[in-house]
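Reader: I'd like a close look at one part of this model, the place where the two chains meet. Could you walk me through it from one side and then follow it back into the fold behind it?

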Amino acid sequence: MKSWQAGLASTLLGLAIWKAVVVIGDLPKFILPSPGLVAETLWKSRALIADNALVTSSEVLVGLFLGAVLGGLSAIGLAASPMARALVRPMLVFSQAVPVFALAPILTLWLGYGLWSKVAMALIIIYFPVTSSFFDALMRTNKDWLGLARVMGATPFRVMWHIRIPSALPGFASGLRLAAVYAPIGAIIGEWVGASKGLGYLMLLANGRAKIDLMFAALIVLAVLTLCLHAAVDLFCRRVLDRPS
Amino acid sequence: MSEAPALYLSGSASFEDTPVFTGLDLKVAAGRWTCLLGSSGVGKSTILKLFAGLADQVDFTGQLGAEGMDLDGSVALMAQDDLLMPWLTALENVLLGARLRGDKPDTARALDVLERVGLSEKSGQKPAELSGGQRQRVALARTLMEDRPIVLLDEPFSALDAKTRAQMQDLACELLAGRTVLLVTHDPAEAARLGHQIVLMTENTTQDIPPPQSDAPRSATDPDVLRTQGDMLALLCADTPIE
């Protein structure tokens with residue numbers, strides 16, 4: 001079986017189980033709507049869902065971009081300077097001990113109900129995995145390459161630019177792949193806490209009005225968008241970052 | 001390239017309080033090939049690291065240097081691993097030193113050097129597309145490109161198959177002529193083929209072995225080479241009792 005066939009078969013199996021649970025359990029549509037009803041709602045409310053999906057997508061993309069840039073620069077800074085490592089790494093670890101959910105209300109308070117509180121949330125959630133996987137890769141540069149560079153009379157900056165960063169790009173790529181899956185979580189949490197648009201907002205709204213079919217429709221769109229983002233990031237990583245190591 | 005200097009090292013070295021060698025006295029002739037032969041773990045590579053300025057964790061007491069020259073900036077290094085950057089082409093790898101120093105890359109000379117090692121056709125290829133022998137030739141080209149009077153070779157041919165190894169030995173011998181070369185090896189045949197001066201290093205002592213009379217690179221079938229090789233193997237075996 002080819003991978004797309006396996007994917008299709010798995011999707012159909014999932015839908016069949018879903019439908020079976022609805023039929024056998026005789027569940028009302030405000031508890032678990034059937035796949036058919038969700039599909040119908042998805043089609044009927046396509047304009048509404050697309051409108052909100054666009055908002056969430058832009059939050060996720062801006063957050064992912066900024067998180068990748070900031071995480072990448074932080075990793076380089078940490079790898080370049082023992083002083084920075086001593087000062088900043090404990091802070092980074094501490095920041096991971098703070099539940100990100102708890103930060104959402106504060107970010108909404110500081111940055112408002114618009115795009116930036118969600119961008120900040122997505123950024124915070126992906127910053128650590130990006131920084132940490134890139135940093136680890138930067139610290140694992142082949143010692144003999146570094147020795148060779150020293151004998152050649154290289155400056156630390158040039159060693160970083162010409163040897164350490166290129167050799168650590170696959171590590172950066174694995175951080176980005178994680179980030180592509182985490183960033184939507186951040187944006188949705190942000191929308192739950194305070195927003196007037198976005199898929200997370202729409203899901204909350206639909207839930208409040210017992211429109212569970214709409215909630216599921218939004219959820220499915222969110223999942224598909226996340227998969228697409230992951231696939232795009234993965235493609236980018238394979239084409240650009242994962243050079244032979 | 002400036003005139004190739006003689007090298008000297010006398011003293012003791014230890015690593016984390018464990019002695020690597022004690023009371024060593026080594027002189028490396030100017031502009032010649034000196035082969036430092038010994039079994040694994042006798043501190044041969046430490047000696048190279050000391051000359052290369054890479055022995056950060058080694059505690060060395062004594063004197064070492066080049067006659068009338070600062071070691072810093074006079075040394076090129078070639079190791080068993082080709083140490084090519086996998087994301088750079090052969091040509092870019094040859095130009096690595098210039099990139100790392102911020103010098104203007106001399107592409108014409110790099111292409112010329114690649115031609116001398118017989119790889120002008122492969123200049124645009126990445127290391128993964130080259131054979132082990134070709135990668136080691138790129139490493140040799142990179143070493144030549146550095147154009148340093150002192151060249152330190154750390155078993156650069158030991159991972160190659162017999163035929164490629166013999167070809168690389170001939171090529172390196174020809175292209176590095178006139179420089180002060182210190183070759184660390186555990187292969188008596190290699191030392192007998194290439195050394196103008198051969199130093200056999202054992203756990204406790206070093207001893208100079210008279211090299212065969214003919215010019216290096218010597219034929220592997222030369223009786224003189226074979227005898228020297230056999231003598232050295234016997235000395236190595238005598239030193240290391242089988243446990």
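Author: Here is the contact as seen from chain B, followed by the sheets of that chain.

Keep in mind that this is a predicted model. The contact takes 21 residues from chain B and 21 residues from chain A. Put together, the two chains bury about 1900 Å² between them, and 69% of that sits on carbon and sulfur atoms. On the chain B side, the residues that lose the most area to chain A are B:Leu83, B:Trp87 and B:Leu100, which together make up 38% of what that side buries.

Now for the polar part. Between chain B and chain A there are 7 residue pairs in polar contact. The interface also has 1 salt bridge, in which the side chains of B:Asp56 and A:Arg150 come together at 2.8 Å, N to O.

Which elements of chain B supply at least two residues each to the side that touches chain A? They are β5 (75-79), α3 (96-101) and α5 (132-146). The largest share, 5 residues, comes from α3(B). By type, the residues on this side of chain B divide into 12 nonpolar, 3 polar and 6 charged.

Let's follow β5(B) back into the fold. It belongs to an open sheet of 6 strands with mixed pairing, in the order β5-β6-β7-β3-β8-β9. β5(B) and β9(B) (206-209) stand at the edges with a single partner strand each, so one side of each has no neighbour in the sheet. On average, neighbouring strands here are turned by 20 degrees against each other, direction ignored.

The partner of β5(B) is β6(B) (residues 150-154); the two run parallel and are joined by 5 bridges. One residue to find on screen is B:Met78, whose bridge partner in β6(B) is B:Leu153. Another element from the contact turns up here too: α5(B) lies across β5 and β6 of chain B, running at about 175 degrees to β5(B).

Chain B has another open sheet, of 3 strands in the order β2-β1-β4, with antiparallel pairing. Its edge strands are β2(B) (18-28) and β4(B) (58-66), each pairing on one side only. Neighbouring strands in this sheet are turned by 5 degrees against each other on average, direction ignored. β1(B) (residues 7-15) pairs with β2(B) over 8 bridges, and B:Phe15 stands opposite B:Thr18 in β2(B). Helix α1(B) (residues 44-52) packs on this sheet, touching β1, β2 and β4 of chain B, and its direction makes about 65 degrees with that of β2(B).

Notes: Residues are numbered from 1 along each chain as its sequence is written. Chains are lettered from A and ligands numbered from 1 in the order in which they are written. This is a predicted model: local features need pLDDT of at least 70, side-chain atom pairs count only at pLDDT 80 or more; totals for chains, interfaces and linings use all residues. Side-chain values use heavy atoms; hydrogens and water are left out. Contact means heavy atoms within 4.5 Å. Buried area is the accessible area (1.4 Å probe) that two parts lose on being put together, summed over both. A salt bridge is a side-chain nitrogen of Lys or Arg within 4 Å of a carboxyl oxygen of Asp or Glu. A polar contact is a pair of N or O atoms within 3.5 Å; within protein, one must be able to donate a hydrogen and the other to accept it, and residues adjacent in sequence count only if both atoms are side-chain atoms. Helices (H or I, at least four residues) and strands (E, at least two) are DSSP runs, numbered from the N terminus. Ala, Val, Leu, Ile, Met, Phe, Trp, Tyr, Cys and Pro count as nonpolar, Asp, Glu, Lys and Arg as charged, and the others, Gly among them, as polar. Two strands pair if DSSP finds at least two bridges between them. Axes are lines fitted to C-alpha atoms, for helices over the stretch in contact, and angles run from 0 to 180 degrees between N-to-C directions.
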